[in-house]
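Got the model open in your viewer? Let's walk through it, from the whole chain down to one helix pair.

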Amino acid sequence: MTSQPRIGYGGDYNPEQWPRDVWDADYAAFALAGVDTVTLGVFAWAHLQPAEDRYDFTTLDAIVDRAAAEGVRIVLATPSGAMPPWLAHAYPDACRVDFEGRRHVYGQRHNACPSSPDFRRLSVALAGRLAERYGDNPAVVAWHVGNEYGGACWCPACGAAFRGWLRDRYGSLDRLNDAWNTAFWSHTFTDWAQVQPPNALSEHWRGPDHTAFQGITLDYRRFTSDALLGGFLAEKAAIRQHSAATPVTTNLMGLYQPVDYHRWAPHLDFAAWDNYPPEDRSSSRTAARMALAHGLVRGLRGGEPFWVMEQTPSVTASRDVNPVKRPGVLRLWSWQSVAHGADAVLYFQLRQSRGACEKYHGAVLDHAGRTDTRVFREVAALGAEFARVGDALLGGRTPARVALLVDWDSWWAVELSDGPNRNVRYLDVLTAYHRALWQANVPLDVVPVTADLSGYDVVVAPLLHLVKGDLAERVTALVEGGGTFVTTALSGRVDEYDNAFLADVPGPFASLLGLRVEETDAQRPDVVNPVTLFGTRHEARQVFEVVVPDDAQVLGTYGADFYAGTPAVTRAARGRGHAWYVATLLDDDGVAAVVRAALAGHGPVGPLGDVPDVEVTERVVADGTRYLFVLNHGPARTVPAPVDGEDLLTGRRLRTGEELDLAPTAVLVIRRA
């Protein structure tokens, strides 16, 4: 996206839902708001192809022509996120079969079977037609394939595709039977046709996370992610026949368990995601969670800038309770996106829908189309700031010395596990450790387990349950070379097939960590075992591993039950570095204590250090200019200026150490001197 003149700003626009006289008012409002980018056609299949043998691009021609005439850049979507009724009626097998084995009829969106040959044929054909018609239009700056890929299907077509996927993965039934440990419960398969998708009719009970054979279900999760990716790739290939250079992407969903975005990353020309945090009010927990998601998406393509493809300017509509964003929060969260690497910040939606389930979802323009609302004024003010900054930040990277490992296989495996505790949630533990790093204002990358770790001083890997490839060797090299590694309970338990390592727990990490886990106790979430760590009492819950140290130093101990006095937190010296093990799930203060101690041997963590609720991050652009972002997610406060420089948003010149009065939701973008 090197041709960008500024941070991209705009969002989803659906003018096909409105008479053309409304378009005039819309574009007048867009000019006031600083909108320079529109995403078109996301759910337009029914009017682009009203029947299988008939296409009609008349309305889209007018929509594209109008956007181009207004000087607005176009992100053109393929509409496969919602198939039209005629398709489901003509090809009922295109509808998904759910976990309970029920074939769905037409309705909602994201409703197509990813293995349906008819859906694939028709969606690819439409993508090709769109690219043929609009691919050489200079206003089209990106292709947006599908929408928020997700969900799963358990139909016969998916069963057949799953068996084909397994043949490619394993090559033989002997290898498959070994990987799935099918000697258990007389499950040995003697013909590929005997393998069925794991659902409520086969291997599962009490829902999708309760399976008799974790290896089978884990592979089905992988297959489903790949099947959805197959649809994306087929449409991308059709686009590439007519549009060779325009980048192609889709809108991911951040911390979304069903789809392994690391498997998708090599196939995206740039990463983009939809930012809808669970809470709409400004808080440090919400801000930290968004920072984690931004970091994850940035890490998909080695630290390249990404786009926020959707966020609400005011309110969502999909939850039981939908609070509005408070004044200033939209600006704060949008600048946080840019601070973490976004080169575009877009909305859903530009004009509020008049009906159906998103009619109360927030928009830049409400049902009356007013430009004198608080929301519109905030949108326009932010657009003016983006215009003022221009292209200064574009392409900027976020250098980091600390890495947080995220792994979908571990996420799936630890939550599929029949024991020790079904209440353990990967994302809860991951966010706790990330939040401790975020609160310390440590420059941080969020990367897959396959990433090159040699450039990091500290690697944190919570719940690294499933270990594959040469990860243990690479982590050991990091530590012996002077780095620090931190991992937690339930790590190092299973291989890539979800079979237990036939070794002391934590398997490949036991020698590095200098210990073995002899027993694992589990308790209800309300049961607390106190842990004394660095002289302070913390609470531990859910999982309590009984550790037998070899040469690891004991830093924290349990205070209750038969294992009172035994290690809960250890540190082993290896070469010039250290490996930490936290054998339980600590409370936030305990996690923060571990993280800060692990960071302590690697110099200052950030220019402001630890200031509660004040986030500091940095982007470095191609010419070496460094931009420091200061974001206040808490109450008004006074902090020292972290560096010499100039605030791009106000023009104020700053000296290191001078007092800065930060209002709630304050933002500074400091060009360092």
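Here is the tour, starting with the full view.

This is a predicted model, where local features need pLDDT of at least 70, side-chain atom pairs count only at pLDDT 80 or more, and totals for chains, interfaces and linings use all residues. Residues are numbered from 1 along each chain as its sequence is written, and side-chain values use heavy atoms, with hydrogens and water left out.

**Whole chain.** Select everything: along its principal axes the C-alpha trace spans about 75 × 75 × 45 Å. Switch to cartoon and you have 17 helices and 26 strands (DSSP runs numbered from the N terminus: helices are H or I with at least four residues, strands E with at least two).

**Surface and inside.** Turn on the surface: the chain exposes about 25,500 Å², 50% of it from carbon and sulfur atoms (Shrake-Rupley, 1.4 Å probe). Of the 673 residues, 60% count as buried, meaning under 20% relative accessible area.

**One helix pair.** Now select residues 20–33, helix α1, and residues 374–389, helix α12. How do their axes sit? They come within 7 Å and cross at roughly 55° (axes are lines fitted to C-alpha atoms over the stretch in contact, with angles from 0 to 180 degrees between N-to-C directions).

Show side chains next: A29, L32 and A33 in α1 meet F376, V379, A380 and G383 in α12, with contact meaning heavy atoms within 4.5 Å. By class, that makes six nonpolar, one polar and no charged residues; Gly counts as polar here, while Ala, Val, Leu and Phe are among the nonpolar ones.

Notes
Buried means under 20% relative accessible area, exposed over 50%, partly exposed in between (1.4 Å probe, protein chains only).
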